Amino acid sequence: MIGGAPRSEDAADGAPPVVEAPLVASVSPNPSASTAQCQAQCAVWGVLNVTPDSFSDGGRYLDVDAAVAHGLALAAAGADVIDVGGESTRPRGATYGEGYQDVSAEEERARVVPVIERLVAAGLVVSVDTVKAEVAEAAIAAGARHVNDVSMGRSERLLEVCARGGVELVLMHNRGRGEVREPFTVYGDVIADVRAELLAAVDRACALGVARERIWLDPGLGFAKTAAQSGALLAATATLVATGLPVLVGASRKSFLAALTTAEGPVAPPTERLGGSIAAAVIAALAGARAVRVHDVAPTRQALALVGALGLGAALSSSKPDLHTRSDEGMRGRRPEVEGAKEAPWR
Ligand code: PMM
């Protein structure tokens, strides 16, 4: 059964135990694939939302003990990084109605810091999913090694905190607060525009002291994008990989997976989108993504192990870095302008 209980407790379903790392194939079906190439190159980030209202798991891990237990279970299922978030990013609009609830920095910090401290103490690699400098700073002090910023670097203070902390920074493409409506969803060419806006954010981050080699790109599937736009971006993952920066893709359980695969009638709820989620992770890995952010770690891990075992994925992608080609010049250091859009209220 998909959904219901956290996937990391899948063994309770009677499923055979998932073979964990090392993800090195004992056979090499692709004769040109070396042992190194058979190593799975796509890491798995497990989602841990310490929120009452996230779209797929809201309210389940608000309690510190429950959150820590789930983080440990995600790691046991094979997650390389646990991404801890204390504020829902659920976009407002037709799909999720009211969407996110604003959370003060104090409240968000109180939700995530005790969880991060305990996961770090247990030896796990932790990311904090936040747009707030104060939360990022406290999370880094608690041992977080990555800051996952779904506002694409809107807060200069957060970028400075990341620079000082020397952490890895994920810049996720976004506009407004991810509302899936015009003007946010208006693109000339969604793939080129997302790439250009991300690279402009990279420049802003670097100008504030973040080391370029610590920056990751994320297309921000489901944020300020229609289902078709998210699908197009997923299919074009290689375009971001070609920038030479590591790419993280978060498609897990998102509504576009259901929308693009449902001809008529109601779409599947988040917990019934496992097939699409795994397909999306494999598509991203085959295109060279370096990590996928998922709820269902064990089955994703197995799917990516197959990609690695066949010698496919990032190890075989031979794309040359094309960061800052001339066409990006105009975007450097600028924030993307979305006509008619008010400055979004990220704090
Ligand atoms: N999606 C969500 C939250 N944080 N972070 C990154 N980097 N990429 C994503 O696609 C992303 C994210 C929303 O999903 P959730 O509510 O299940 O956490």
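**Exercise 1. Helix α11 and what follows**

Task: Find the residue with positive phi that follows α11, then decide whether α11 is enclosed or open.

Solution.
- Step 1. In this predicted model, G311 follows α11, and the phi of G311 is positive, near 75 degrees.
- Step 2. Check the length of the helix. α11 covers residues 297-309, which is 13 residues. From first C-alpha to last, α11 reaches 18 Å, close to the 18 Å expected at 1.5 Å a residue.
- Step 3. Go through the burial. The buried residues of α11 include V297, P299, R301, L304 and V307. The stretch A303, L304, A305 is also on that list.
- Step 4. Conclude. Because 11 of the 13 residues are buried, α11 is largely enclosed by the rest of the structure.

**Exercise 2. The sheet**

Task: State the order of the eight strands in the open sheet, and name the edge strands.

Solution.
- Step 1. The order is β6-β5-β4-β3-β2-β1-β8-β7, and the pairing is parallel.
- Step 2. The edges are β6 (215-218) and β7 (248-249), each of which pairs on one side only.
- Step 3. Add the helices that pack on the sheet. Helix α2 (residues 64-76) touches β1 and β2. The direction of α2 makes about 165 degrees with that of β1. Helix α10 touches β7 and β8, and its direction makes about 165 degrees with that of β8.

**Exercise 3. Strand β1 and its neighbours**

Task: Work out which strands β1 pairs with, and whether its faces are covered or open.

Solution.
- Step 1. On one side, four bridges join β1 to β8 (residues 291-294), running parallel. G46 stands opposite V294 there.
- Step 2. β1 also pairs with β2 (residues 81-85), again in the parallel sense, over five bridges. Here V47 stands opposite D83.
- Step 3. Continue from β2. Four bridges join β2 to β3 (residues 126-129), also parallel. G85 has D129 as its bridge partner in β3.
- Step 4. Return to β1 and count burial. Seven of its seven residues, 43-49, are buried.
- Step 5. Split them by face. A43, W45, V47 and N49 lie on one side, and V44, G46 and L48 on the other. Both faces are covered.

**Exercise 4. A280 in helix α10**

Task: Is A280 buried or exposed, and which residues does A280 touch?

Solution.
- Step 1. Place the residue. A280 lies in α10 (residues 274-286).
- Step 2. Count neighbours. A280 has 28 C-beta neighbours inside 10 Å, so it counts as buried. The cut-off is 20 or more.
- Step 3. List the contacts. Leaving out residues up to four places away in sequence, A280 touches L234, A251 and L257.
- Step 4. Take one of these pairs. A280 and A251 are 29 residues apart in sequence, yet 6.4 Å apart in space, C-alpha to C-alpha.

**Exercise 5. α6 against α7**

Task: Classify the packing of α6 and α7 as parallel or perpendicular, and describe their contact.

Solution.
- Step 1. Read the geometry. α6 (residues 190-207) and α7 (residues 227-235) pack at an angle of about 70 degrees, with axes 9 Å apart.
- Step 2. Classify. The two helices are therefore roughly perpendicular to each other.
- Step 3. Name the residues. V190, I191 and V194 in α6 meet Q229, A232 and L233 in α7.
- Step 4. Sort them by class. The contact has five nonpolar, one polar and no charged residues.

**Exercise 6. The whole chain**

Task: How many helices and strands are there, and what share of the residues is buried?

Solution.
- Step 1. The protein chain has 11 helices and eight strands.
- Step 2. Of its 347 residues, 52% are buried.

Notes. Residues are numbered from 1 along each chain as its sequence is written. This is a predicted model: local features need pLDDT of at least 70, side-chain atom pairs count only at pLDDT 80 or more; totals for chains, interfaces and linings use all residues. Axes are lines fitted to C-alpha atoms, for helices over the stretch in contact, and angles run from 0 to 180 degrees between N-to-C directions. Angles under 35 degrees count as roughly parallel, over 145 as roughly antiparallel, 65 to 115 as roughly perpendicular and the rest as oblique. Two residues are in contact if their C-beta atoms, placed from the backbone, lie within 7 Å. Ala, Val, Leu, Ile, Met, Phe, Trp, Tyr, Cys and Pro count as nonpolar, Asp, Glu, Lys and Arg as charged, and the others, Gly among them, as polar. A residue is buried if 20 or more other C-beta atoms lie within 10 Å of its own, exposed if 12 or fewer, and partly exposed in between; C-beta atoms are placed from the backbone. Two strands pair if DSSP finds at least two bridges between them. The expected span of a helix is 1.5 Å times one less than its number of residues.
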